[in-house]
Each structure stands twice: as C-alpha cells, then as structure tokens.
Amino acid sequence: RRLALSTKTQSMTTMANDEDCGGNLKRQLGKLFEVSLRATVPDENVEPLIAACSGNFGDYQCNNAMGLWSKIKAKPNKTFRGPPAVGEAIKENLPPSNMIESCSVAGPGFINVVLSTKWIAENIQKMLIDGIDSLAPRLSLKRAVVDFSSPNIAKEMHVGHLRSTIIGDTLARMLEFSKVEVLRRNHVGDWGTQFGMLIEFLFEKFPKFEDVNESAIGDLQAFYKASKQRFDTDAEFKDRAQRAVVRLQGGETKYHQAWEQICELSRKEFDRVYQRLGVHLEEKGESFYNPFIPEVIGALRNKGLVEESEGAQVIRLEGFNIPLIVVKSDGGYNYASTDLTALWYRLNEEKAEWIIYVTDVGQQQHFDMFFKAAKLAGWLPSDNSTIYPKVSHVGFGLVLGEDGKRFRTRATEVVRLVDLLDEAKNRSKAALIERGKAAEWTEEELEQTAEAVGYGAVKYADLKNNRLTNYTFNFDQMLNDKGNTAVYLLYAHARICSIIRKSGKDIDDLKKTGELVLGHPDERVLGLHLLQFAETVEEACNNLLPNVLCEYLYNLSENFTKFYSNCQVVGSAEETSRLLLCEATAVVMRKCFFLLGIVPVYKI
Ligand code: ARG
C-alpha cells in the first residue's frame, strides 16, 4: 500500500511543484492559460490574468478575453465575433490537466475555473509528506536588504522602533521563506555630532572614564538629555562638545574608545529586546558607511548633480521644494549622505536587488528624495514598479493611546518597549492562572506560554492592520481570546493539536498510509484555502503588506471552525481523512505564526 502511494506522490510532483511557480495556484493556472492564449491568438503576447474568486461560479477566474478582444477586433481576418467567443476559444485550447475540474464562460467572457477536488486533496497530502516549504512561492530575485528596527544609540527604543522591528522581521521572514536571501540590516544611529556632547558630558561626570563600569553609565538616555541641555545653555560646553566631535572623527583614541563603550552599552540593551522578540538582525550602523561617504558624494559631484547652496552642497530634485543636502555648511555629513552611501554599498558591494526600508511614514520625504537622487545618478532604473534593482520605503502609521493621541504612558514620556512586553506577558500569565493552568502545568510551561501569547498578541495587534493606518494600543483588546487576535488564533491551533492527540492515532503514520478526501463542502473550502497559502505569501511580499497574511490566517481559522462544527472528526467513518485535514491546518497555521514571528502553543 505504501508503495502504491509513493508512486502517486511522485507523479504529483510535476503537477504542483513546478519549479517557477512554487505552490502558487494562480501561477500554476497561469501556465496553463498561457499555453491556451498562445494557441488562441498566436501573434499576441499577453500575460494571463488570473484572480481567485469566492463565488458560486468557480474558484478562479481568467480575465483575458475582453482585453484580447479589444486588441484583435480591428484586425482583418478576425476569427471571433466578440469577447465571449474569445473566452470560449481560450477555454477550448486549455491543455489537459488534472488540476482543473471544469471551466465555463460567463458574461462578457470571464472564464470560471473549478479546481479538481481530488487534485486539491492530493496536493494537501503531498504537502504533509514533503513539508510546507515545498509550497513556498518563488520570487524573481535572489537577494534583498531589509533595513529595519534601526534605533539610535544612547536613546531609548520607542514604540516606533517596535513597529519597525516587528514589521521588518515579518517581511524578512516572508522573503526568506520565498527563497530570497535576506540581509537583515540594523542601520543604528551610531554616528553624528550628538556624540561629541555626550562624550564630553560623560568625561566631565566620570573623569576616569576607562574605569567606569556599565551600571554607572547605564542610563545613557538620561545622560544624553542632560548633555543636550548643557549644549543648549552653556556656550563654553558647546564649544568643547564641538571640538570633541572633531577629535572623535579624527580617531583620537580616548574619544574613540568612549564612543565604542557607549555603543556597546546600547547594543546590549537593544539585544535584550531582540532576544525577547525572537528577532535577529545584523548591525551595520551609520558609522559603518562613514568612510565611504566622500567617494560616493564625489561620484555624484562628477555626474554634475551636486551644487552649492548657502554654503552647503545639495542635489536639486524636481518635485520637491527643498533640495537634498548632502554636505552641511560646516562640511559635515548628514542622514542623507549616509543613506545615499549605504544604498550605493548595498547595490554595488552587497549586490542586493531589492532594498527595503522600514520606518514611520514621517520619514517618507527623506526616502522619496534620496531615492530620486539615486535614480538621477543612474544607480536605479527610473521605473521603480517592476524592475530590479529597486528600493521601497515601507512606511507605517502611529501607535495611539486610548485618548486617540500618540501613545505615551505618562504625559510626556515615550513608552518604554520593555515595559510593554513585560505587561503583555504578565497579563497573559494572569489569564492562564485564572483558567487554572498553574495547577496543571509546570512553572516553565506557564512562563513559556505566557511569553508566546503575550508577545504574540503585541505583534499580531500591530501586524493585522494595514501598516499605513494608525492603530490604538489596547491590552484588553489584543489579549482577548475572541475575535481577530493572536490569543484566539493560538488557542485555535492548540485545540487542533489536542483533537489529533486525543484521537490516539499516529499522525505521521496516517500521512503515509491514509488517504485525504474532501467529501463535505466545508472540507473543500478549507482544503482550497490551505493551498492558497503560497499565493498569499507571494502577494504579501510583493506589496510588503503583512496584514495580508494575518487576514489569511484569521480566515483559515474561521474555515476550520466551520468544518469542525459540521464534520465529525474522531469516531467518524472519515476519521483518517479528517485528522489529516486537521494536521494540514495546524501545519499551515504554524507556518503563518512563524512568518509573523509568533511562537505557537500546543496545548491550552
Ligand atoms: N535611526 C533612524 C531613526 O530612528 C532610522 C533609520 C532607518 N534606516 C535608514 N537607512 N534611514 O529614525
């Protein structure tokens, strides 16, 4: 029996796992329609237009007939009388495939496609055997940079950095899943004139700076604020601070060492947050690019792009009422000089094809401007929509408090990230204890679940919104176990695991020996949704929208609930098949959690 099935699995490989399409059903259908379109109108080169539909007419729709008609209608010898006839011909010319059950032409020429239920079932089972990675979509690029998180040294990481960290990590994970090599870059603000005043202030405070231990200068943010105040009010200090910048940038040992010590201290603090969030990044801060700036600005100057304006050196850009300053009037470099240089480095040294920047929308103009400068310089094609190399700014909105204003704990202070995470965890732990879990579980299980649920809730509440909209931070809402929350989804997954556990069956054995059949309409809906995972991830990547994946996950859970309430699993005649469907749902849910940076829980 095993042998028979393994040959079947073999022949399915070529069907679902076409090299270029991955598990993307839309693309797989597109390939079939491409053949048909060529056969129907050989001298027109058109891309197949395939869309998923949720109606009574089919699972997918091909929308090429109307466009094709408008291209050919004026030509002599036309063989068709109108778009519906073109649609019929496209339908007739489809190559045979066991993917498609039936097609019908409707209205002005839409071709509705019903997928074969058997094919869907076989491909889910194949995914269970080969693993979910076999479904991964394929994007047409090899390497991307995701520049995210990127806090500033000596300043607190705030909620904006939290958003950048969460969104950037998800984008990186989705791209990695789609077989893109991702360089995860932490573009920390570790360079600039502010270090002059901070170091000078710390030297004053701790005359023997070399011996100062971490705890003494632990609260860098407070020192930063105090030094800023001195700088603004004390002319003598200001003067010293400015000279300190020169000494630091000239590489004077004492100053350089102090700077390194400060960076190291901040780094440790950032790392604690990353560790809790399960996020991994590689730091290449502003200072890394500093040595390359003169060369890059020089190249821009040679292209005739740089001109002098009020002592500064600028690039004028059409469509902007201010020029892009690349060298300040005091001769120093700025955020834009560094970003231009980092872009140059990423394109030329790191050979990245897609460079993605995750910051709040407030920085939109900065990115628009230096992207435009890079296009003027010929580093990037001027059309940014489809051709690589390309750059994208992934902007996001504000996090609001209950009062509808920017999220703050006290009237003036920004929210400390670690406090948020602590509170999320403590609240979810309290909820678990209330459910009696303290008596059932070990302390370790309780801790781990509280973290998974608490941090997962914070992440999901952020990711489920379109990133451009502002959202209100509300613990009660995000920790609710009903509605579109991580808690609801994590519990749903744990329940599926418990159904499988309680059946007493060895699921790995069933995968190989059992057969998955989608007999009930609710089983078919769930099954098709499972296979639409790959095209969802591809869409989320292409549009840089994590909320697309959240919506998919939520619908998956809803489809599962419907199936489970209408189809008996354990003890039914269809038990084996339905357990496999439960397992497939759990597998896809876990992959969604993984891509969203959420740790799954297995019991609740
Ligand atoms: N450090 C900046 C900030 O906190 C974000 C840097 C984003 N990345 C970049 N390449 N500009 O606002």
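## Exercises on a predicted model

Strand β9, residues 312–315, turns Q313 and I315 to a covered face and leaves A312 and V314 on an uncovered one. This is a predicted model: local features need pLDDT of at least 70, side-chain atom pairs count only at pLDDT 80 or more, and totals for chains, interfaces and linings use all residues. Residues are numbered from 1 along each chain as its sequence is written.

### Exercise 1. Place β9 in its sheet

Task: find the partners of β9 and the residues that stand across from Q313 and I315.

Solution.

1. Fix the terms. Strands (E, at least two residues) and helices (H or I, at least four) are DSSP runs, numbered from the N terminus. Two strands pair if DSSP finds at least two bridges between them.
2. Take one side. Strand β8 (residues 306–309) pairs with β9 in the antiparallel sense over 4 bridges. E308 stands opposite Q313 there.
3. Check the turn. The hairpin of β8 and β9 has 2 residues between the strands, and E310 takes a positive phi near 50 degrees.
4. Take the other side. Strand β10 (residues 324–327) pairs with β9, again antiparallel, over 3 bridges. In β10, L324 is the bridge partner of I315, and V327 is that of Q313.
5. Assemble. The result is an open sheet of 3 strands in the order β8-β9-β10, with antiparallel pairing. β8 and β10 each have a single partner strand, so one side of each is left without a neighbour in the sheet. The twist averages 45 degrees from one strand to the next. (Axes are lines fitted to C-alpha atoms, for helices over the stretch in contact; angles run from 0 to 180 degrees between N-to-C directions.)
6. Return to the faces. In a regular strand the side chains alternate between the two faces of the sheet. β9 lists Q313 and I315 on the covered face, A312 and V314 on the uncovered one.

### Exercise 2. Order the four-stranded sheet

Task: which strands stand at the edges of the sheet that contains β1 and β3?

Solution.

1. Read the order. This open sheet of 4 strands runs β1-β2-β4-β3, with antiparallel pairing.
2. Pick the edges. β1 (50–52) and β3 (100–106) have a single partner strand each, so one side of each lacks a neighbour in the sheet.
3. Add the angle. Neighbouring strands are turned by 25 degrees against each other on average, direction ignored.
4. Check one pair. β3 and strand β4 (residues 110–115) pair in the antiparallel sense over 6 bridges. S104 stands opposite N112 in β4.
5. Compare with the record. An unreviewed UniProt entry places "domain: Arginyl tRNA synthetase N-terminal" at residues 27–115. UniProt positions are in the numbering used here, feature names are shortened, and annotations may be inferred rather than shown by experiment. The span is 36% helix and 21% strand, and its end C-alpha atoms lie 14 Å apart.

### Exercise 3. Find the core

Task: which residues of the largest nonpolar core touch the most other members?

Solution.

1. Define burial. A residue is buried if 20 or more other C-beta atoms, placed from the backbone, lie within 10 Å of its own, exposed if 12 or fewer, and partly exposed in between.
2. Define the core. It is a set of buried Ala, Val, Leu, Ile, Met, Phe, Trp, Tyr and Cys residues joined through C-beta atoms within 7 Å.
3. Answer. I356 and A457 touch the most other members among the 138 residues. Helix α24 (residues 575–595) gives the most to this core, with 11 residues.
4. Expand A457. Leaving aside neighbours within four places in sequence, A457 is in contact with A424, S428, M478, L479, T485, A486 and V487. (Contact: C-beta atoms, placed from the backbone, within 7 Å.)
5. Look for a second core. A separate one of 20 residues includes L198, I199, F231 and A258.

### Exercise 4. Classify P294

Task: is P294 buried, exposed or partly exposed?

Solution.

1. Locate P294. It is in helix α12 (residues 293–302).
2. Count. P294 has 13 C-beta neighbours inside 10 Å, so it counts as partly exposed.
3. Compare distances. P294 and T170 are 124 residues apart in sequence and 35 Å apart in space, C-alpha to C-alpha.

### Exercise 5. Judge the whole chain

Task: where does pLDDT stay under 50?

Solution.

1. Define the score. pLDDT is the predictor's confidence in each residue, from 0 to 100.
2. Take the average. The protein chain averages 92, and 95% of the residues score at least 70.
3. Answer. pLDDT stays under 50 over residues 1–18; the model has 17 contacts beyond four places in sequence for them.
4. Add the global scores: ipTM 0.99 and pTM 0.93.
5. Tally. The protein chain has 24 helices and 14 strands. Of its 604 residues, 41% count as buried.

Technical notes. Two residues are in contact if their C-beta atoms, placed from the backbone, lie within 7 Å.
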